[in-house]
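Me: I'd like a close look at just one part of this model, please. Take it slowly, and explain any jargon as you go.

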Amino acid sequence: VGVCHAVIHARCPEARIVDLAHNIRAFDIRKGAAAAAAGVYQLPNAVHLVVVDPGVGGGRRDLCLTTGGGVRMVGPDNGVLIPAARRAGGVEHAYAIDHERLGIAEPLGTFHARDVLAPAAAALACGASPDNFGESIDPSTLADAPFPQAAFEGGQFCAEVLEIDRFGSMRLSLTGDELMAHSPGVSALEVALAHVVLTVPFARTFSDVAVGELVALVDASGWLTLAENTGSAYERLGVDSGAHVRVRALP
Amino acid sequence: VGVCHAVIHARCPEARIVDLAHNIRAFDIRKGAAAAAAGVYQLPNAVHLVVVDPGVGGGRRDLCLTTGGGVRMVGPDNGVLIPAARRAGGVEHAYAIDHERLGIAEPLGTFHARDVLAPAAAALACGASPDNFGESIDPSTLADAPFPQAAFEGGQFCAEVLEIDRFGSMRLSLTGDELMAHSPGVSALEVALAHVVLTVPFARTFSDVAVGELVALVDASGWLTLAENTGSAYERLGVDSGAHVRVRALP
Amino acid sequence: VGVCHAVIHARCPEARIVDLAHNIRAFDIRKGAAAAAAGVYQLPNAVHLVVVDPGVGGGRRDLCLTTGGGVRMVGPDNGVLIPAARRAGGVEHAYAIDHERLGIAEPLGTFHARDVLAPAAAALACGASPDNFGESIDPSTLADAPFPQAAFEGGQFCAEVLEIDRFGSMRLSLTGDELMAHSPGVSALEVALAHVVLTVPFARTFSDVAVGELVALVDASGWLTLAENTGSAYERLGVDSGAHVRVRALP
């Protein structure tokens, strides 16, 4: 990470670098994609550099994407960018980054982050246009996202437990915006996961419910989240990341 | 954390941001308060942003404090700022931050760090006066510190084990300044904790005693600390954070 | 760490600070030395501040080293700088840093990083010449490295398992440059460690072999590394850091 910072400082000294998430488990594209989606939601004007890349150096394309909402991202073509792009208006243009156009003779097989992606991010931050980096590619050829977009069927959302944060709050693969678009006046949610069906108040913050009670809220990264006030929803419910969940809005 | 950096960069580009402590366990106000006190001791000229906040969004006040020693801090009104303020000359002025005065329409219930505290810290860093942020409040109404100040009674200090660091050194809730004010010529300490009473040399650094020996010293954050040279005082003594401790200076 | 950043910002505002490695286990000079060697390999133009220092304050010298390759480093005289210096052309000049020449009255016994090394690094970053910091010292008097340099004997290299990274890849104390100097046309390696002898393809990246297969490559920090594509070489081989390893190049 530090070396990527140094590359960016050298190539675009006026860039301000902010670290959003580094403790992604090795090879966990799913978690990286969730973190990237949270990042673009909170910092839409930044250039986003996303690297979780078990297939590095194996011929997989390095991408620069621009979205309908004007977000610019660089990262590998393994799906890690797609949930972030969906959140930011969908992929508008996709380019396969050609390291030679960035002035790099031969990137190291194991470290495209340093040798391809960080230089591309630095160039974007300093105002370069992404169509300078390489050939335009058809967005339909991009690798799939590591988790599906939430579907609205029969009056309810089908989604997944996206991840468990360090407080034991459970993020769902359903955004506050998606929920509101279908159910603007929601005051509680019926949540079905594993073998239980729960009715959970939909609130603004943890402490809108009593200590030890469950609450559903839209967290700072825009995901719908199940949490327990001053406790761990995960320890209480025992349902892991990846589990299916159905959510029905109650008025 | 990254998002708070971005907010500060955007609102006060000339600020230099330094991260002092981020691995505070969820909801651990005690540990956050100890870290904040260490921070103001080492960097009295900085603006300190302190967030450990299980009650976020529940109506708890967001504070800006100034101290007798000229330190400026922002953080929640849950006691986390108080030990730092004590160290820096005591609370001089306290203000309840009004997000509208910072130009923020509606802070997110779960993320006052981003929407209230970081903008206030940025404004202070760029020279704003804290009385612009909100109403002055009576310091006596602030929430209590998560641990009491060390008391000097009957020739000895009554304090607590404040925290165990990653080396197994035990910080006490007693500062080097407090010790020196009562006992300037100290060369050893009688330390009573749990069921043992130890006599420990008071020294300048770990290696002033033999490898494997206990030593008491004032650490870089100003707390009196029990340590073992190249070992773990915690593993040796088995006394946890929060335990009572009595300290008597020996000439 | 944050306090050292603040010291450098104050003393050399134009310096850009990059964090390369902070999760070094307490007192682990070996791991610190490996990280420093990786750092100078990747960022030879930077000033490197290296601190892993169980003997802090005990009279051990604080060093500024310059190398044949033009790298500048500061750190304690406990061997932690030596493998990095070897990589960067060997120690050219060594100076014992005198805190008074940096304008520091009395460094804290337990925090030379803040009071001696960070100020020296800041001065170097702002263009100061290292011979201003203190007396020149004889490089032959420096403390030894925590691990020996790889030896080439009888057609093979004798080295050690240097460290296991978080992916379970095993770095050896043998650099890609050392290997190439003796065996430019290598296509596979015979690796003997513990009770097994393996033949491992020498490749450019993990995915040059099938998922689950072992591969030897030169990693981004320049060390020869044994890895498993999308898996953990460490879990598979069960050989810990410090174990002896013999490496023979196969054409």
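**A helix crossing**

Reply: In chain C, helices H1(C) and H4(C) make a right-handed crossing (the near helix is turned clockwise from the far one by less than a right angle; anticlockwise would be left-handed). Keep in mind that this is a predicted model, where local features need pLDDT of at least 70, side-chain atom pairs count only at pLDDT 80 or more, and totals for chains, interfaces and linings use all residues. Residues are numbered from 1 along each chain as its sequence is written, chains are lettered from A and ligands numbered from 1 in the order written, and side-chain values use heavy atoms, without hydrogens or water.

H1(C) covers residues 2-11 and H4(C) residues 112-125; their axes lie 9 Å apart, at an angle of about 40 degrees. (Helices are DSSP runs of H or I, at least four residues, numbered from the N terminus; axes are lines fitted to C-alpha atoms over the stretch in contact, with angles from 0 to 180 degrees between N-to-C directions.) So H1(C) is oblique to H4(C), meaning neither under 35 degrees, nor over 145, nor 65 to 115.

Who touches whom? C:Val3, C:Cys4, C:Val7, C:Ile8 and C:Arg11 from H1(C) meet C:Ala113, C:Arg114, C:Ala118, C:Pro119 and C:Ala122 from H4(C), contact being heavy atoms within 4.5 Å. That's eight nonpolar, no polar and two charged residues (nonpolar: Ala, Val, Leu, Ile, Met, Phe, Trp, Tyr, Cys, Pro; charged: Asp, Glu, Lys, Arg; polar: the others, Gly among them).

Definitions and conventions
Helix = DSSP H or I, 4+ residues; strand = E, 2+ residues; numbered from the N terminus.
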